[in-house]
Amino acid sequence: AVWQRSWLDGEVLAAELAYWQRQLSGSPEALNLPGDLPRAKLQRFHGKVQRVEVAPAVYATLKRLSARSGVTTYMVLLAAFEALLHRYTGEEDICVGSPIANRGRAEVEGLVGFFVNSLVLRGRLADGLPFCELLERTREVALGAYAHQDLPFEMLVDALRPQRTLGQHPLFQVMFALQNTPLSALELPGLELHEIAAEEVETRFDLEVHLREETGSLRGMMIYD
């Protein structure tokens, strides 16, 4: 912690801030997803869950597309998600939040702790934009964000000073995440453990999409306000 505080200062901090200020200059304050009700003036953080599963044949096609295009599966899915948001909202400037493990150095890989940071990924779309071009733009945005992932999200909000409201999350209102790191089974001596799927959860966002790559399949859940 002492090393990180001393490192993220001076020229390093200025360079990180400069990148994000350029990247998010003029970005929209909110993504206006069509909803059944107007946005509440005060967030209640009440969410519900919709489970989703991508058919194995579709998942295999996604994997082939990512390999052929020289991008990751995450980038293909993010580009498709942005295209879907564009279709539902009609907006051409869309900011999506995405969690990142924030363990870019070998020295911190083995440390116990929750280091996850939030990145703001800005998509520029337009009617008639070929998906291959959107995919290339998404790749550039994602790689740039990965290279500047060390700036804490809270510090970014303080620097950009977006118009704040108690009814929405700052800078982005939708979250997209893909878990593709193999997870070992949770085992405790003398206990038999079963997963219980929660249908009501807390959420700070209008919509969250959490997907998980498994052997030959893609499944996850959508959490919505």
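Start by selecting Phe45: at 35% relative accessibility this residue counts as partly exposed, where buried means under 20% relative accessible area, exposed over 50%, and partly exposed in between (1.4 Å probe, protein chains only). This is a predicted model, in which local features need pLDDT of at least 70 and side-chain atom pairs count only at pLDDT 80 or more, while totals for chains, interfaces and linings use all residues. Residues are numbered from 1 along each chain as its sequence is written, and side-chain values use heavy atoms, with hydrogens and water left out.

**The loop between α2 and β1**

Phe45 sits in the loop between α2 and β1; helices (H or I, at least four residues) and strands (E, at least two) are DSSP runs, numbered from the N terminus. Check its backbone: phi of Phe45 is near 65°, a positive value in a residue other than glycine.

Next select Leu42, in the loop between α2 (10–24) and β1 (46–54). Leu42 counts as exposed because its relative accessibility is 55%. Add Thr165 to the selection: its C-alpha atom is separated by 8.1 Å from that of Leu42, although the two are 123 residues apart along the chain.

Now go to Arg44, which is exposed, with a relative accessible area of 52%. Arg44 forms a salt bridge with Asp225, with 3.5 Å between the closest N and O atoms; a salt bridge is a side-chain nitrogen of Lys or Arg within 4 Å of a carboxyl oxygen of Asp or Glu. Asp225 is in the segment after β7 and Arg44 in the loop between α2 and β1, 181 residues apart. Asp225 is partly exposed, at 42% relative accessible area.

**The second largest pocket**

Stay on Asp225 and add Pro34, Gly35, Asp36 and Asp206: these five lie nearest the centre of the second largest pocket, which is lined by 23 residues. A pocket here is an open set of points on a 1 Å grid over the protein atoms alone, where a 1.4 Å probe fits, with protein on both sides within 12 Å along at least five of seven lines; lining residues have an atom within 4 Å of a point. The volume is about 820 Å³, taken as the space filled by probe spheres set on the points.

Colour α4 (73–89) and β7 (217–224), the elements that give two or more residues to the lining. The largest share, 4 residues, comes from α4. By type, the lining divides into 13 nonpolar, 5 polar and 5 charged residues.

**Two strand-to-strand salt bridges**

The structure holds 9 salt bridges. Select Arg219 and Glu53, whose side chains meet in a salt bridge (3.0 Å, N to O). Arg219 lies in strand β7 and Glu53 in strand β1, so the pair ties together parts that are 166 residues apart in sequence. Arg219 counts as partly exposed at 31% relative accessibility, and Glu53 as exposed at 53%. Add Arg212 and Glu214 to see a network of salt bridges linking these four residues.

Then move to Asp93 and Arg122, which form a salt bridge at 2.7 Å, N to O. Asp93 is in strand β2 (residues 93–100) and Arg122 in strand β3 (residues 117–124), 29 residues apart. Buried or exposed: which is Arg122? Arg122 counts as buried, at 5% relative accessibility.

**Last stop: Leu171**

Finish on Leu171, in the loop between α7 (153–160) and β4. Leu171 has a positive phi of about 75° although it is not a glycine. At 10% relative accessibility, Leu171 counts as buried.

Note on methods. Nonpolar A, V, L, I, M, F, W, Y, C, P; charged D, E, K, R; others polar.
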